[in-house]
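The following exercises are intended for a reader meeting this structure for the first time. Each task is followed by a solution in steps.

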Amino acid sequence: MRINTFTIYQFGKLVNKTYEINRESLIVISGQNESGKTHVRYFLTYMLVGLTKQELERFNYQPNHFFGGELTIQCDDKVFTLYRTDKLNHQLLVKDEQENDIPMDVFSQYVQRVNREFFDRIFHFDVLSIQKEQTDSPEQLGDLLLSLSMSGTDAIERTEKKLKKALERLFKKGWHES
């Protein structure tokens with residue numbers, strides 16, 4: 001499967017954006033802080049495997065817009081357009097190049113569906129999810145904070161909570177220096 005284009009109708013702060021993917025094998029999404037990199041990553045997750053209710057609420061905060069979008073993919077010689085919107089109750093709708101609806105069992109012959117956990121581990125990861133796999137040594141925590149200083153602010157609150165827990169473990173209540 002290869003993503004050709006995707007159009008965001010509205011997803012968080014991104015409204016009426018279309019992206020074309022060039023033919024290179026590795027795609028890197030980069031940009032300034034707060035430019036929408038995380039929104040694009042979550043949009044692609046939404047389109048391919050869906051989001052939780054809490055995640056949907058996080059990104060659907062412009063009620064006057066048509067939430068969701070479309071994603072055009074190529075599988076061998078077949079081209080499909082995937083639609084997922086609030087008007088479709090966030091369910092996936094697949095159409096072929098002639099705009100015919102494609103049943104999920106037919107679509108699954110071309111694209112193997114995966115669950116969210118598998119998708120996240122392979123495609124949807126960031127510094128924090130990588131850190132979940134490691135223990136919290138002071139060096140690792142320092143590396144995490146350094147890498148966060150070079151990324152957007154969407155994860156800072158989670159990092160603060162993680163840091164607070166690490167500090168509480170290091171400096172337990174009731175401990176006094178003698």
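**Exercise 1: Strand β1 and its partners**

Strand β1 spans residues 2-11 and is mostly covered, with 8 of its 10 residues buried. The model is a predicted one.

Task. Determine which strands β1 is joined to by bridges, and how they run.

Solution.
1. Begin with strand β3, residues 68-75: 7 bridges link β1 to β3, and the two run antiparallel. As an example of the pairing, I3 has I73 in β3 as its bridge partner.
2. Turn next to strand β2, residues 14-20: β1 and β2 share 6 bridges and also run antiparallel. Here F6 stands opposite Y19 of β2.
3. Finally, examine the link between β1 and β2. These strands form a hairpin with 2 residues between them, and G12 adopts a positive phi near 60°.

**Exercise 2: The chain as a whole**

Task. State the order in which helices and strands follow one another along the sequence.

Solution.
1. Count the elements: the chain contains 7 helices and 5 strands.
2. Read them in sequence order, which gives the pattern β-β-α-α-β-β-β-α-α-α-α-α.
3. Add the covering of the chain: of its 178 residues, 34% are buried. The exposed area is about 12200 Å², and carbon and sulfur atoms supply 52% of it.
4. Consider the contacts between residues at least 6 apart in sequence: 50% of these join residues at least 24 apart.

**Exercise 3: The largest nonpolar core**

Task. Identify which of the 27 residues in the largest nonpolar core touch the most other members, and which elements supply the core.

Solution.
1. The residues touching the most other members are F6, F11, L71, I73, F80, L82 and F107.
2. At least two core residues come from each of β1, α1, α2 (53-59), β3 and β4 (78-85). The largest share, 7 residues, is supplied by α1.
3. Take L82 as a worked case. Setting aside residues up to four places away in sequence, L82 touches M47, L48, G69, E70, L71, I73, L92, L93, V94 and F107.
4. As background, nonpolar side chains tend to be buried together in soluble globular proteins.

**Exercise 4: A contact across the sequence**

Task. Find what V49 is in contact with, leaving aside its neighbours within four places in sequence.

Solution.
1. Locate V49 in helix α1, residues 37-49.
2. List its contacts beyond those neighbours: R84, V114, R116 and F119.
3. Compare sequence and space for one pair: V49 and R116 are 67 residues apart in sequence, while their C-alpha atoms are 5.9 Å apart.

Terms used:
Residues are numbered from 1 along each chain as its sequence is written. This is a predicted model: local features need pLDDT of at least 70, side-chain atom pairs count only at pLDDT 80 or more; totals for chains, interfaces and linings use all residues. Side-chain values use heavy atoms; hydrogens and water are left out. Helices (H or I, at least four residues) and strands (E, at least two) are DSSP runs, numbered from the N terminus. Buried means under 20% relative accessible area, exposed over 50%, partly exposed in between (1.4 Å probe, protein chains only). Contact means heavy atoms within 4.5 Å. Accessible areas come from the Shrake-Rupley method with a 1.4 Å probe; for residues, only the protein chains shown count as cover. Two strands pair if DSSP finds at least two bridges between them. A nonpolar core is a set of buried Ala, Val, Leu, Ile, Met, Phe, Trp, Tyr and Cys residues joined through side-chain atoms within 4.5 Å.
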